[in-house]
Amino acid sequence: MTDDIILSTRDLKRYFNLGGGMLAKTGTIRAVDGVTLDIRRGETFAIVGESGCGKSTLARLLMRLLQPTSGEVTFDGWDIATLNGRALSALRRDMQFIFQDPFSSLNPRMSVGRLIAEPLETHFPQMTAADRREKVAGLLRQVGLRPEHAGRYPHEFSGGQRQRIGIARALASGPKLIIGDEPVSALDVSVQAQVINLLGDLRDDLGLTLIIIAHDLAVIRHMSDRVAVMYLGEIVEIGTADEIFETPRHPYTLALLSAIPVAEHGRETTRIALIGETPSPAAPPPGCRFHTRCRFAKDRCRTDVTPLRSVKNEHRAACHLFEEIARTREETIAPAVAKRQGAAEARFALYRSAIEGRGVRPQDQTQHDREETIQ
Ligand SMILES: Nc1ncnc2c1ncn2[C@@H]1O[C@H](COP(=O)(O)OP(=O)(O)O)[C@@H](O)[C@H]1O
Ligand SMILES: [Mg+2]
């Protein structure tokens, strides 16, 4: 492992057994099924895919909140499966989690000050009460809140502000890496942009590595350096954000992109529709797991497994046919995808404008933004 890799996995698997007794094959859910990843220090890495594809299980494995069925996770040179005692508490300090729902993840009976002081007490027991108060005030400022908010309770804040409190709590231990499991999907779109903007600023200011999990591709377009697309417990495509959004190769990625709604009336253009339902992760199809929903599938896709293959540079896709599909795409699908990409761009514009407005403090923001700022 080189120095610029902070976190890596090798053939990581986590299966869940359903019911008691004999473990019939159909009774085993393959939530994460052979994921190999290298996360670079300082990057924002996004993991996308439909609900149930194994994103949260993967996140919990990365943090050792779950034990793998098999495979390895290495964080900063440590094999995390074998950590215990002090080494495990160091891991808990270095890697923090931001939850999807900022409401249920904050204890409603604790003041904001207590909520943020708690991880400080855990990780820095020698800190004096005065230093702790000062640190809490600093963390509140860092996430765009005010020191006097420390005396208030979570219910007094809006969703976006509660997520800021969750972020302050995650920052308290001075982590190197933060994993956000759908950190903005419970928020309004305009508020999503603010929270994403904040995460990007914190990454730059503090030199953090971010892993962001999302089912909404628009959310991650402008914030991530690299993207991995998951389907039924596997990574089916991985590349830079530009590669994934501009030259997607896996038919599943094409379908995800084409599913971004077009805000326009009139005739529907070609959509790269997904056929049928997602198969159960307890009985993934043989061959390419995506073949049952792929309009390009051929015989070999039904029998031959699909390892990730190189597209160009480090862009890789797990599809037997991506060269062929890319040619088809140029002729017939490209215009439809371009239109979707146009629609996606319109949604991304919101994020872009938020990103361009970096450094704007809550008190300087527009009327709409100000609704998010408690007085
Ligand atoms: N503790 C568990 N016990 C049994 N099945 C689980 C458990 N956690 C997740 N699963 C199953 O594993 C699969 C992946 O779930 P999850 O990782 O939550 O997906 P995502 O976050 O992408 O929606 C799903 O089929 C889910 O039902
Ligand atoms: Mg999830």
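**Exercise 1. Find the bridge partner of Arg226 in β10, then follow the pairing of the two strands.**

Step 1. Start at Arg226: its bridge partner in β10 is Thr240. Strands here are DSSP runs of E with at least two residues, helices are runs of H or I with at least four, and both are numbered from the N terminus. This is a predicted model, where local features need pLDDT of at least 70 and side-chain atom pairs count only at pLDDT 80 or more, while totals for chains, interfaces and linings use all residues. Residues are numbered from 1 along each chain as its sequence is written, and chains are lettered from A and ligands numbered from 1 in the order in which they are written.

Step 2. Now move along to Tyr231, which stands opposite Glu234 in β10.

Step 3. Put the pairs together: β9 (residues 226-231) and β10 (residues 234-240) run antiparallel, joined over six bridges. Two strands count as paired if DSSP finds at least two bridges between them.

Step 4. Look at the turn. Two residues sit between the strands of this hairpin, and Leu232 has a positive phi near 45 degrees.

**Exercise 2. Work out where β9 and β10 sit in the open sheet.**

Step 1. Read off the order of the eight strands: β6-β7-β8-β3-β9-β10-β12-β11, with mixed pairing. The edges are β6 (95-98) and β11 (309-312), each of which pairs on one side only.

Step 2. Check the other neighbour of β9. β3 pairs with β9 in the parallel sense over four bridges, and Val48 has Val229 as its bridge partner in β9.

Step 3. Add the helix: α1 lies across β3 (44-48), β7 (177-181), β8 (209-214) and β9, at about 155 degrees to β7. Such angles run from 0 to 180 degrees between N-to-C directions, with axes fitted to C-alpha atoms, for helices over the stretch in contact. Contact means that two C-beta atoms, placed from the backbone, lie within 7 Å.

**Exercise 3. Is β9 mostly covered or uncovered?**

Step 1. Count: six of the six residues of β9 are buried, so mostly covered it is (buried means 20 or more other C-beta atoms within 10 Å of a residue's own, exposed 12 or fewer, partly exposed in between, with C-beta atoms placed from the backbone).

Step 2. Split the strand by face. Arg226, Ala228 and Met230 are buried on one side, and Val227, Val229 and Tyr231 on the other. In a regular strand the side chains alternate between the two faces of the sheet.

Step 3. Compare with Leu308, in the loop between α10 (299-303) and β11. Leu308 is partly exposed because 17 other C-beta atoms lie within 10 Å.

**Exercise 4. Which residues surround ligand 1?**

Step 1. List the shell: Phe16, Ile29, Ala31, Gly49, Ser51, Gly52, Cys53, Gly54, Lys55, Ser56, Thr57 and Pro281 (a residue belongs here if its C-beta atom, placed from the backbone, lies within 6 Å).

Step 2. Assign elements: β2 (28-40) and α1 (55-62) each give two or more residues. With three, α1 gives the most.

Step 3. Sort by type: five are nonpolar, six polar and one charged. Here Ala, Val, Leu, Ile, Met, Phe, Trp, Tyr, Cys and Pro count as nonpolar, Asp, Glu, Lys and Arg as charged, and the others, Gly among them, as polar.
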